[in-house]
Amino acid sequence: MTSLSRLDTFHNEFVCFVKATAEDGAVGWGQTSSYNADITAAVFHRQIAPWALGQPVGDIAALVNRIERAEHKYPGSYRSRALAGLDTALWDMAGRRAGLPVTALIGGSAGALRAYASSMLRDITPEAEAERLKRICGEQGFTAAKFRIGAECGQDVDQWPGRTEAVIPAVTQALAGIDTLADANSGFSVARAVQVGRMLQDHGVGHYEEPVAWWDLEATQAVTQALEIDVAGGEQECDLATWKRLIAMRAVDVVQPDVMYLGGLSNTLKVAGWAAQAGLPCTPHAANLGLVTLCTMHLMRALPNAGKYLEFSIEGDDYYPWQRELFLGDPYAVTDGQLHVSEAPGWGVEVNPAWLERAEHRASVFGEDAGSDYARLYNATIAKGL
Ligand SMILES: [Mg+2]
């Protein structure tokens with residue numbers, strides 16, 4: 001099996017694309033998780049690339065696991081965000097090599113996916129949000145939509161007094177016949193979360209996301225046990241051992257791994273598999289139109305326990321100016337409330353050369369001064385079988 005000879009990154013503050021090149025000339029494109037992408041690119045070249053270069057590209061999950069072990073003193077978000085760049089580039093390379101979309105490599109197929117219109121806004125009045133979601137669902141055919149309640153990590157202090165109590169009836173009445181989801185972004189205490197959850201149930205909302213501090217699994221479990229509505233969560237969690245515990249204790253009814261926060265497709269497949277064994281659906285988190293939503297589409301087309309819908313951000317350039325012109329063509333065209341995974345190989349997109357032209361470029365090359373002395377020593381030791 002051919003090995004990895006070169007890793008190039010192209011970044012600005014928000015996005016970092018990764019180009020992986022193998023010894024035989026095969027190429028794949030991936031992306032690290034968005035935001036602080038300049039920091040993530042530095043982590044990528046210091047802590048990911050040295051362990052990956054010279055390694056076989058055939059078993060992506062094994063390579064990811066190897067890097068996690070080599071960098072075991074640095075668990076957590078940035079290691080995972082950077083690893084996602086390597087993992088997603090190697091999956092793209094595998095797809096391009098096979099002439100298949102990534103979804104076909106993991107048991108799925110090209111085709112349509114039901115999406116929900118995901119609002120990211122809280123600084124919008126309940127009336128304006130109800131009107132906006134109704135219009136967007138009407139125009140684009142969405143049959144499900146998510147709105148925001150509470151305040152992000154708000155400790156029971158609402159975005160402004162009474163907003164939560166007002167937005168729940170306003171949106172659910174405006175969206176009669178459309179499935180509704182609500183996201184609290186860790187906004188509530190257990191007591192307040194249960195109170196709001198009952199309000200959501202009474203208004204027919206079907207999905208209640210991150211009701212309490214996401215890192216407090218026991219508090220999340222308490223809310224899940226107290227309510228009928230499906231409690232969903234897990235988007236921030238990048239630690240596989242914690243994922244196992246979260247699923248074993250059934251802290252949520254619906255798991256929501258984020259392909260990029262979790263280190264890539266390989267780790268997300270593990271979490272989705274554990275959830276399937278526990279009988280839990282997987283509705284991944286995908287909050288912007290960088291590569292994460294496309295990777296999530298390929299994943300969902302393959303999961304036996306895929307949730308009811310794909311998260312699809314409805315926010316435009318004013319909220320996400322950095323999303324502009326990342327790709328050639330539009331992988332995110334919506335038809336009748338659905339998105340489509342194409343038959344094109346890999347992730348099925350090309351990064352826009354004009355965007356790459358404007359980005360900061362770095363390269364780590366096998367055999368050149370790629371990585372730390374520690375990495376070289378470790379790799380030499382492994383190669384000798386010591
Ligand atoms: Mg969320």
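# Exercises on a Predicted Structure

The largest nonpolar core of this structure has 111 residues, and those touching the most other members are Leu4, Leu7, Leu86, Phe147, Ile149, Leu200 and Tyr208. The structure is a predicted model.

## Exercise 1. The core and the two domains

Determine which helix gives the most residues to the largest nonpolar core, and where this core lies with respect to domain 1 and domain 2.

**Solution.**

Step 1. Helix H3 (residues 77–98) is the greatest contributor, giving 8 residues to the core.

Step 2. The chain is divided into domain 1 (4–98 + 353–383) and domain 2 (103–341).

Step 3. Both domains give residues to the core, so the core lies between them.

Step 4. The C-alpha centres of the two domains are 28 Å apart. Their contact takes 29 residues from domain 1 and 25 residues from domain 2.

Step 5. Leu200 may serve as an example of a core member. Leaving aside residues up to four places away in sequence, Leu200 touches Phe147, Ile149, Ile168, Ala182, Val205, Tyr208 and Ile229.

## Exercise 2. The open sheet

State the order of the 4 strands in the open sheet, and explain why strands E3 and E12 each have one side without a neighbour.

**Solution.**

Step 1. The order is E3-E2-E1-E12, and the pairing is antiparallel.

Step 2. Strand E3 (27–31) and strand E12 (360–365) stand at the edges with a single partner strand each, so one side of each has no neighbour in the sheet.

Step 3. On average, neighbouring strands of the sheet are turned by 20 degrees against each other, direction ignored.

Step 4. For one pair in detail, strand E2 (residues 16–22) joins E3 over 5 antiparallel bridges. Within this pairing, Ala20 has Gly28 of E3 as its bridge partner.

Step 5. Helix H1 (residues 37–52) lies across strand E1 (4–11), E2 and E12, and runs at about 175 degrees to E1.

## Exercise 3. A histidine in strand E1

Decide whether His11 is buried or exposed, and list its contacts.

**Solution.**

Step 1. His11 is found in strand E1.

Step 2. The relative accessible area of His11 is 7%. Buried means under 20%, so His11 is buried.

Step 3. With residues up to four places away in sequence left out, His11 touches Cys16, Ala37, Asp38, Ala41, Trp355, Ala359 and Glu360.

Step 4. Arg362 stands 351 residues from His11 along the chain, yet their C-alpha atoms are separated by 8.7 Å.

## Exercise 4. Strand E5

Explain why strand E5 is described as largely enclosed, and identify the strands with which E5 pairs.

**Solution.**

Step 1. 5 of the 5 residues of E5 are buried, so the strand is largely enclosed by the rest of the structure.

Step 2. In a regular strand, side chains alternate between the two faces of the sheet. In E5, Ala144, Lys146 and Arg148 are on one side, Ala145 and Phe147 are on the other, and all are buried; both faces are therefore covered.

Step 3. Strand E4 (residues 111–118) pairs with E5 in the parallel sense over 2 bridges. Here Ser118 stands opposite Lys146.

Step 4. Strand E6 (residues 179–183) also runs parallel to E5 and is joined to it by 5 bridges. Phe147 stands opposite Ala182 in this pairing.

## Exercise 5. Cysteines and disulfides

How many disulfides are found in the whole structure, and why does Cys238 form no bond with its closest cysteine?

**Solution.**

Step 1. A search of the whole structure gives 0 disulfides.

Step 2. A disulfide requires two cysteine sulfur atoms within 2.5 Å. The closest cysteine sulfur to that of Cys238 belongs to Cys153 and is 15 Å away, which is too far for a bond.

Step 3. Cys295 is likewise in no disulfide, its nearest cysteine sulfur being that of Cys16, at 14 Å.

Step 4. Cys238 counts as buried at 19% relative accessibility, and Cys295 counts as buried at 0%.

## Exercise 6. Positive phi values

Locate Asp156 and Arg250 in the chain, and give the phi value of each.

**Solution.**

Step 1. Asp156 is in the loop between strand E5 (144–148) and helix H6 (163–174). Its phi is near 75 degrees, a positive value in a residue other than glycine.

Step 2. Arg250 lies in the loop between H9 and strand E9 (254–255). Although Arg250 is not a glycine, its phi is positive, at about 45 degrees.

Step 3. Asp156 counts as partly exposed at 34% relative accessibility, and Arg250 is partly exposed with a relative accessible area of 41%.

Conventions. Residues are numbered from 1 along each chain as its sequence is written. This is a predicted model: local features need pLDDT of at least 70, side-chain atom pairs count only at pLDDT 80 or more; totals for chains, interfaces and linings use all residues. Side-chain values use heavy atoms; hydrogens and water are left out. Two strands pair if DSSP finds at least two bridges between them. Axes are lines fitted to C-alpha atoms, for helices over the stretch in contact, and angles run from 0 to 180 degrees between N-to-C directions. Contact means heavy atoms within 4.5 Å. A nonpolar core is a set of buried Ala, Val, Leu, Ile, Met, Phe, Trp, Tyr and Cys residues joined through side-chain atoms within 4.5 Å. Buried means under 20% relative accessible area, exposed over 50%, partly exposed in between (1.4 Å probe, protein chains only). Domain bounds come from an automatic or database domain assignment.
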